Structures are given as structure tokens and as C-alpha cells.
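Please open the model in your viewer and keep the selection tool at hand. The tour proceeds from the whole chain to single elements and residues.

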Amino acid sequence: MRLARADLVLTHISGQAEAVMGKDRFKRAGGTGFQPVQSFQITSRNLPHWQEPGSVYFITWRCREGMFLAPEERRITMEALRYWDGKKWNVYAAVVLPDHVHILAQPLKKAETGCFGLAEILHSIKRFSARKINQDRGAQGSLWQDERYDRIVRDEAEFLEKWQYIRNNPLKAGLTLYAEDYPWLYEKTD
């Protein structure tokens, strides 16, 4: 698998952080309620979330405890996360398993200034997929855990390691013998 270096924008943390904590981070004017990420920021719920414009992220989120995705529900989730590919983020690799999702992606620049925030993108994906899946199930309530794990990818070696981790996850779970045969694995080829 060859990666075009020009497509990868891997950044390093500059050491200057603008901490965005507590209720202040929810005071946003107009639009979707989500502001673009214009500089390094730290937010927190149960886990810390660091965002730096131009960074690539390894992201994981899980189904609510006891919930599992049927094959058709994994397809819905993959389509939801790929919907914004090239619009709000570049998705390099992604896999949807029965109880969790892994993504290697880079938020794109917003029209105004800064980049799309992970919270905005993931909220849209989780909301759409949960509504569609619940509608198909005839169910209500949350499908996904509120929290997510995200990590800024720091260099090309880590990028390739996370890509390989995503690729091998269905094999490790015993869901397929060959990564290429797993229908809910996406890998950018150009």
C-alpha cells in the first residue's frame, strides 16, 4: 500500500495550547453550534481531546454496552462516516466492527477559518447512523457511547502503524481470514 506524501499533513504540537475547558466551550454563536478549530485546543469529558488544525487522527468509538451492529447496520455506519469524506475530512482508513469503529482521518479546512472539529463531524455521523439503525430496528435510545478516543498521529511511522491496526482489526476479531474480504473495511487507494 503506497501513500502519497503530499496527501499527508502530519503536524507536531507547537507547545502553545489554548485550553478550552468546562462550559465555555459550548458558548458558540450561530451555525451548527460548532466552531472551527483555529488553533491547538484541549477539551475534556471523561477523556482529553486534543485538536490541532491540519492534524491526522486515529479515532475509536464504541456501541453502548450490550449493543452490537448487524451486517446491514455496519454498512449504514460505514456510509455515514464516508459521507463526509472529501467534504469535512479525508478518511484514509476505517473499519466498522460489530461493537466499535476505528478511523484514520484528517479534518479539512472550513470555508471561514480553521478546520472542521472532530466533535462536529462525529456528532453528525453518530446521530445519522443511530437514527437510521434505530428506525430499522423499531427501537429508540442511544446506540453509541457518548465518549470517543482520539489521538493526534504524530509522524508517518505512527500513521502506518494505525493504518495496519485498522486493517488487522477484523482478522484479530476472527471476522475474516483476509482483510480485503471484510466488507466494512475502507482504505484510501490514491
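**The whole chain.** Begin with the protein chain in a cartoon display; along the sequence, its elements follow the pattern β-β-β-β-α-β-β-α-β-α-β. Please bear in mind that this is a predicted model. In total, the protein chain contains 3 helices and 8 strands. Of its 190 residues, 47% are buried. Now show the surface: about 10600 Å² is exposed, and carbon and sulfur atoms supply 51% of this area. Contacts across the sequence also deserve attention: among those between residues at least 6 apart, 68% join residues at least 24 apart.

**Strand 5 and its partners.** Next, select residues 89-96, which form strand 5. How many of the 8 residues of this strand are buried? The number is 7, so strand 5 is largely enclosed by the rest of the structure. Add residues 100-107, strand 6, to the selection; 7 bridges join strand 5 to strand 6, and the two run antiparallel. Together they form a hairpin, with 3 residues between the strands. Then add strand 8, residues 185-187, which is also antiparallel to strand 5 and is joined to it by 3 bridges.

Val95 is a useful residue on which to centre the view. Its bridge partner in strand 6 is His102, while in strand 8 Val95 stands opposite Leu185. As a general point, side chains in a regular strand alternate between the two faces of the sheet.

**Helix 2.** Move on to residues 118-137, which make up helix 2. Helix 2 has 20 residues and reaches 28 Å from its first C-alpha to its last, close to the 28 Å expected at 1.5 Å a residue. Display its side chains; the buried residues include Leu118, Ile121, Leu122, Ile125, Ser129 and Ile133. An α-helix has 3.6 residues a turn, so residues three or four places apart point the same way. After helix 2 comes Gly138, whose phi is positive, near 70°.

**A buried residue in a loop.** Continue to Glu147, in the loop between helix 2 and strand 7 (149-152). Is Glu147 buried or exposed? Glu147 is buried, because its relative accessible area of 13% is under the 20% cut-off. Select Arg62 as well: Glu147 and Arg62 are 85 residues apart along the chain, and their C-alpha atoms are separated by 8.3 Å.

**Two cysteines.** Finally, select Cys63, which is buried at 4% relative accessibility, and Cys115, which is buried with a relative accessible area of 6%. The structure holds 0 disulfides.

Technical notes
Residues numbered from 1 in each chain as written. Predicted model: local features only at pLDDT ≥ 70, side-chain atom pairs only at ≥ 80, totals over all residues. Heavy atoms only, no water. Helix = DSSP H or I, 4+ residues; strand = E, 2+ residues; numbered from the N terminus. Buried < 20%, exposed > 50% of the residue type's maximum accessible area, 1.4 Å probe, protein only. Disulfide = S-S within 2.5 Å. Expected span 1.5 Å × (residues − 1). Pairing = 2+ DSSP bridges. Contact = heavy atoms within 4.5 Å. Areas by Shrake-Rupley, 256 points an atom, 1.4 Å probe, with all protein chains shown as cover.
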